[in-house]
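I sat down with this one to see where the empty space is and how the metal is held. Here are my notes, in the order I looked things up.

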Amino acid sequence: MKIQRQKKLKKRLEFFKNNFGFNTPYSLIVDGTFCFAALSHKVNIREQIPKILEDNVKILTTPCIVTETEKMGPALYGAFTIVKQFAHHQCGHDVAVNGAKCVRSMVKGGNKSKYAVATQDQALRAQLRTMPGVPILYLHNSAPTLEKPPEVSTERAGRREADRVGLSEDQRQTIASLKRRLLGETEPTLRRSRKTAKGANPLSRRRKQAAPAPEPAEEATAGRSRRRRRVRVHVAAHVKEELARRRSPTVGGPT
Ligand SMILES: [Zn+2]
């Protein structure tokens, strides 16, 4: 179970790292509600929280959060003593606003400073789920838990992925249609070339090459034989001589 939880945590953390540029050291904003729950469940934030954030996290709070928690009075005094220990990140509010509003102001507009937020405030968590790229931590009883990335984050990540591939996505479609058109034309050629390739089988080719090769040889021999025949015709000059001899009396007869 613990291993499964770790795997889930790692996967969720990886999501924010891969899609929203989160990396160590993480910056985690904790609010009074989280400190209150931690105190109730005897969770030491400084010891327990780094364990789920790769042991590399800056735990922060804001003056607004500290002021709000202090204002809550004795019920949250313990939480106040805890939260005020963390580094007070300047939120830019000259007049303190409520903690939830302060947190929202710090992560709005795409959470450029890459804050994670630790809160038990259900309403704030619901609001943060509508803002892409905000890792939300809470205590599940005494177990620090990283919320599953909300849809708004997964959708944004998907869109970014599409944007990244976007240019080539359009190009891909163009290429795809081009390919289709080209393949429509070239496919038979390809098939033909495949046949040629098959025909190029050295055995059959050799046969084919061998077949025409003897032909000129035959022609040559035929030519030679013809020449020989011609020679024979010359040789047949004996016959001619004989004929001539035979003819010579007739030729010589009158002379
Ligand atoms: Zn503030």
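Before counting anything by element, I settled what an element is: helices (H or I, at least four residues) and strands (E, at least two) are DSSP runs, numbered from the N terminus. I also reminded myself that this is a predicted model.

**Entry 1: the largest pocket**

I looked up the volume first, and the largest pocket holds about 720 Å³ of space. Its lining is made of 24 residues, and Arg5, Gln6, Leu9, Ile52 and Pro144 are the closest to the centre. Then I asked which elements give two or more residues to this lining. They are α1 (2-20), α3 (45-52), β5 (136-140) and β6 (143-146). Helix α1 gives the largest share, with 12 residues. I sorted the lining by class too, and found 9 nonpolar, 5 polar and 10 charged residues.

**Entry 2: the cavity**

Next I searched for enclosed space. I found 1 cavity of 30 Å³ or more, and the volume of the largest cavity is about 30 Å³. Leu13, Phe16, Phe22, Tyr26, Leu53, Ala116 and Pro135 line the largest cavity. What classes do the residues of this lining belong to? I counted 7 nonpolar residues, with no polar and no charged ones.

**Entry 3: the zinc ion**

I turned to the metal and listed its protein donors: Cys64 (SG), Cys91 (SG), His93 (ND1) and Cys102 (SG), at 2.1 to 2.2 Å from the zinc ion. Along the sequence, the spacing of these donor residues reads C-x26-C-x1-H-x8-C. Why do I call the arrangement tetrahedral? Because the 4 donor atoms subtend angles of 103 to 117° around the zinc ion, and four donors count as tetrahedral if all angles lie between 85 and 135 degrees.

I then checked two donors for burial, where buried means under 20% relative accessible area. Cys91 has 16% relative accessibility, so I noted this residue as buried. His93 has 24%, so I put this one down as partly exposed.

**Entry 4: helix α4**

The zinc donor Cys64 led me to helix α4, residues 63-71, where the buried residues are Cys64, Ile65, Val66 and Thr69. I wanted to know what covers these buried residues. The cover includes β1 (26-30), α2 (32-40), β2 (57-61), α5 (77-83), β3 (87-88) and α6 (99-107). One last thing I jotted down is the backbone at Gly73, just after α4, which takes a positive phi of about 85°.

Technical notes. Residues numbered from 1 in each chain as written. Predicted model: local features only at pLDDT ≥ 70, side-chain atom pairs only at ≥ 80, totals over all residues. Heavy atoms only, no water. 1 Å grid on protein atoms, 1.4 Å probe; cavity = no way out; pocket = protein on both sides within 12 Å on 5 of 7 lines; lining within 4 Å. Points joined across faces, edges and corners; volume = space filled by probe spheres on them. Nonpolar A, V, L, I, M, F, W, Y, C, P; charged D, E, K, R; others polar. Donors = N, O, S within 2.8 Å, 3.2 Å for Na, K, Ca; no water. Tetrahedral: all angles 85-135°; square planar, octahedral: opposite > 155°, others 65-115°. Buried < 20%, exposed > 50% of the residue type's maximum accessible area, 1.4 Å probe, protein only. Contact = heavy atoms within 4.5 Å.
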